[in-house]
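Here is a short tour for a reader new to this structure. Keep the 3D view open while reading.

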Amino acid sequence: MLDFDTAQARLAARGRAPAAHETVALDALCGRVLAKDIVAVLDLPPADNSAMDGYALRAADAVVPGTTLPVQQRCFAGQAPEPLLPGQAIRLFTGSVIPAGADTVVMQEDCREDDGRVTILAPSVPGRHIRRQGEDMQRGQAVLARGTRLGAGQLAVLAAQGYDRAPVFPRLKVGILTTGDELIPPGQPLPPAAIHNSNAPMLASLCSGLGTAVPMLRHARDDADATRRALAELNEACDLVLSVGGASVGEKDLVKPALESLGGTLDLWKVRMKPGKPVALAELNGRPVVCLPGNPVSAFAVFMLLVSPLIRGLQGRRDVLPPVRRGILDTLRPVGGERDDFLRVQAAQGAGLPRLTPHSQQSSGALSSLAWAHGLARIPAGARLESGAEVDWMALSDWLS
Ligand SMILES: Nc1nc2c(c(=O)[nH]1)N[C@H]1C(S)=C(S)[C@@H](COP(=O)(O)OP(=O)(O)OC[C@H]3O[C@@H](n4cnc5c(N)ncnc54)[C@H](O)[C@@H]3O)O[C@H]1N2
Ligand code: MOO
């Protein structure tokens, strides 16, 4: 059996950035991945400006608190200041450009203005409350790196630099193949012995959450031709295919032969993890296919821990492995088994590390734990851990974005 870390590293290593890129307008950039470094074309701030509403002056003109100076100008943000005359003050506001000749700003709480004159009540210190030109970003400096997924902070940087578009990698196209005669789409009546297809919407929204294009969905009945046709169609249209179910040892596990008959090369692993033992990575026409276990909780865990790093790599992202956190187990009975166990847990923040409570139902067929969990806590293979043990855990919010 392959150990979990090796399986994760192999899938992560298959995630190579695309060669193509496209230019996208700012209002459609959220969630996209930068294809080139972004270089600052402006100093920010573009000129020294005030961090406070107050008065600009020469510190040397108001050494003694109680000094009174005439107010030369009222200069609002966006207006050009006059050069400051000796022995005078200029009224300004947060963001106003500092007048030539001024070397400090005294905030208005430390001043009293009366009849065109301002009394400075506090000692004035050179340089105070001045935001210097270029202290945030300097022209020529790389401000965003290729492979960054763009969110609110990055869009603000682009906009502040005047960029109304940016080069990004194309959205990754993912195809999802579900298999099984027992599966009926939601919304249709359920015959005896059937269940609704929950993996299709689950995997589609997991992909969308990572920023892929809307996934293409196909369902194949347990039939060799249908499975082969659906697989070929998805492989042709998509950068990555995820199949789910039908890849283990059962008599109707048809995905493996379908891949082989299409000329795919297949690496099938039993990964030492629970949930999620059977996982396969195949290559078909130069594009990856990953086969996930059919049990919904197993498919979810394998997607989160093994497939999401592959997807991030294929999207061109720099950081493909999100952070692993630490927490304290809070469990009524000892946990652990022969495989690395990934327990669905809720995390409660206390004084120190968060306390991690496992869901009472940890079966790989029981969906209710997925809708409830904040993350997956890792119990290493062979360990038997009691309440109070410190463990690694992966937050859904880190690993599914
Ligand atoms: N004799 C053995 N049996 C099984 C083994 C084994 O090693 N020896 N491994 C078990 C483990 S662990 C898993 S995980 C499953 C994996 O089986 P498959 O990946 O081949 O998946 P299926 O058999 O097709 O389905 C398993 C289970 O999941 C349900 N399922 C499948 N697709 C969906 C879907 N789209 N939506 C909802 N539910 C789905 C399916 O009905 C089955 O109940 O094999 C074990 N058996
Ligand atoms: O290992 Mo299987 O993936 O639990 O259900």
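Start with one strand pair. Strand β5 (residues 67-75) and strand β9 (residues 117-120) run antiparallel, and four bridges join them. One bridge can be named: T68 has T119 of β9 as its partner. Keep in mind that this is a predicted model.

The pair belongs to a wider sheet. Six strands form this open sheet, in the order β7-β4-β6-β5-β9-β8, with mixed pairing. Its edge strands are β7 (104-107) and β8 (111-114), and each of them pairs on one side only. From one strand to the next, the twist averages 35°.

A further open sheet also has six strands. Their order is β16-β13-β17-β21-β20-β18, and the pairing is again mixed. Which strands stand at the edges? They are β16 (216-220) and β18 (265-270). Each has a single partner strand, so one side of each is left without a neighbour in the sheet. Here the twist averages 15° from one strand to the next. Inside this order, strand β17 (residues 240-244) pairs with strand β21 (residues 287-292) in the parallel sense, over four bridges. V244 has L292 of β21 as its bridge partner.

Now the helices. Helix α6 (residues 296-314) packs with helix α3 (residues 199-209) and with helix α1 (residues 4-13). The table gives the geometry.

| Helix pair | Angle | Axes apart |
|---|---|---|
| α3 and α6 | about 15° | 10 Å |
| α1 and α6 | about 20° | 7 Å |

How do these helices lie? Angles under 35 degrees count as roughly parallel. Therefore α3 and α6 are roughly parallel to each other. The angle for α1 and α6 is about 20°, so this pair is roughly parallel too. The crossing of α3 past α6 is right-handed. The crossing of α1 past α6 is right-handed as well.

Next, step back to the whole chain. The domain assignment gives domain 1 (4-19 + 171-314), domain 2 (22-39 + 145-168), domain 3 (49-131) and domain 4 (325-399). Between the C-alpha centres of domain 1 and domain 2 the distance is 31 Å.

Last, the ligand. Which residues are around ligand 2? They are K274, P275, G276, K277, P293, N295, S298 and S364. This shell divides into two nonpolar, four polar and two charged residues.

Technical notes: Residues numbered from 1 in each chain as written. Chains lettered and ligands numbered in written order. Predicted model: local features only at pLDDT ≥ 70, side-chain atom pairs only at ≥ 80, totals over all residues. Near = placed C-beta within 6 Å. Nonpolar A, V, L, I, M, F, W, Y, C, P; charged D, E, K, R; others polar. Domains from an automatic or database assignment. Pairing = 2+ DSSP bridges. Helix = DSSP H or I, 4+ residues; strand = E, 2+ residues; numbered from the N terminus. Axes fitted to C-alpha atoms, helices over the stretch in contact; angles between N-to-C directions. Parallel < 35°, antiparallel > 145°, perpendicular 65-115°, else oblique. Left-handed = near helix turned anticlockwise from the far one by under 90°.
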